[in-house]
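Q: Please take a close look at the ligand site. Then place it in the context of the whole chain.

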Amino acid sequence: MPLIVDKGLGNTIAADTTLSFIDGAKGVLEYVGYDIDSLARNSTFEETTWLLWNGRLPTARELAAFKVELQREYAVDARMLDVVRSIPRTAAPMDALRTLVSALGHFDLEADDSSVAANKRKSTRLVAKTATLVALFDRARKGKSFVASDATLSLAGNFLWMLTGARPTASMERALDVCLVLHADHGLNASTFAARVTISTQSDMYSAATTAVGTLKGPLHGGANQEVMEMLLEIGDFAKVDAYIADKLARKERIMGFGHRVYKAYDPRATYLKTFAKQVAADTGNLPLYEMTRRIEEIVLAQPNIIEKGIFPNVDFYSATTYYSLGLDLDLFTCMFAASRMSGWTGHCIEQLAANKLIRPHADYTGPHGLTYQPIGQRIDGETSSSSPSVKTAMSVLA
Ligand code: ACO
């Protein structure tokens, strides 16, 4: 087959999946055929994870059994606590999480068992423990003692408990749970693709999950929700919103939390979150913050051509205020994205292995050819090894 150039792979289908479907033009996201809005309203993170991994909704008995499996895995090996403590307090939580997800593999006796059954058990461990690790690291960096996991709570509830040492209210637990449902999977996004590339080499689940965390960290992928919150705090006051946004637009700067590479219609994950975020903000005394986001949305959507360009609020615009209302530090926002997406990453890895083909695209070599090797003694500092124009061009590109 002739090779085609597709930098960024935006026009390439690199995998088959039955986990999620996106129609960016219409603003549709489905997990295994279920509209994301109905899942956000009716499902839970546990049920959604089971759905993604099994291709159908669980029965009550299956869901109850899965919850118990997850709850049994909230706690980490005692030696992991030493690993958590050994990370510098100044480390960014996403960097710490990358290290900690990798370290989990050392304490899993099944780490290198690549049978489907073992990979499913490891997926359960990875999903159960990722939120735990975020809570543990946050407490360690603040010099606080660890809070033991509570295997009677949902994953969202247990995370808030381990993070704060206080029982979350039902509405706080539900708010986090909704965010976890909304972020659980999203087609072949960059971190999911990275996980599939790693597992396609027949590496292991922990390596694939570590790759994915490292990829999600980037501001072009998982970091936007933190930037939304930074913008809101910078504005600081409802009365300053209009001038701030007008100034940004006049300087042709981007408004964080708007636009999406895939969605050119309203991000379907933001629809329910928008109404939900209001309730959470009201419950936690953060309504003024929510009112600021509504005003920003009004101003941006009233701009000429903005709807034609397909610029609408994305999921990060409303998840940011939700996480903030729950009391999470800004630099934990992307970690919550990771804790949720772990269910998608692991599901994709198992799917990749079921019909595996090493993912190995080509690079378009743009360097020189046919150079003569010069012994090191004949090379002169400050001079290229050849006067060939192609080397000079390549060197000037590299400089
Ligand atoms: N605010 C104002 N204008 C915008 C924004 C924005 N947030 N995003 C895009 N535009 C405008 C661009 O200026 C451009 O206008 P022009 O055609 O007049 O030059 C047009 O829309 C198209 O922009 P592109 O950069 O081509 O769109 P792309 O699809 O590549 O960008 C992206 C998508 C990167 C998400 C962009 O919208 C953006 O930077 N948004 C802000 C960051 C953000 O919220 N990211 C979170 C994404 S959701 C997620 O990752 C879970």
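A: Start with the yardstick. A polar contact is a pair of N or O atoms within 3.5 Å; within protein, one atom must be able to donate a hydrogen and the other to accept it, and residues adjacent in sequence count only if both atoms are side-chain atoms. This is a predicted model, so local features need pLDDT of at least 70 and side-chain atom pairs pLDDT 80 or more, while totals for chains, interfaces and linings use all residues. Numbering runs from 1 along each chain as its sequence is written, and side-chain values use heavy atoms, without hydrogens or water.

Now the ligand. A backbone N or O atom of Ile255 lies 2.8 Å from a ligand nitrogen. His221 also uses a backbone N or O atom, 3.2 Å from a ligand oxygen. Lys309 instead places a polar side-chain atom 2.9 Å from an oxygen of the ligand. On its own the ligand has 930 Å² of accessible area (Shrake-Rupley, 1.4 Å probe), and the protein covers 68% of that.

The shell holds 16 residues, each with a heavy atom within 4 Å of the ligand. Arg254, Ile255, Gly257, Phe258 and Lys309 are the closest. By class, the shell has six nonpolar, five polar and five charged residues. Here Asp, Glu, Lys and Arg count as charged; Ala, Val, Leu, Ile, Met, Phe, Trp, Tyr, Cys and Pro as nonpolar; the others, Gly among them, as polar.

Next, the chain. An automatic or database assignment sets the domain bounds: domain 1 is 16-220 + 332-354, and domain 2 is 224-325. Their centres, taken over C-alpha atoms, are 26 Å apart. Across the interface, 27 residues of domain 1 contact 26 of domain 2, with heavy atoms within 4.5 Å.
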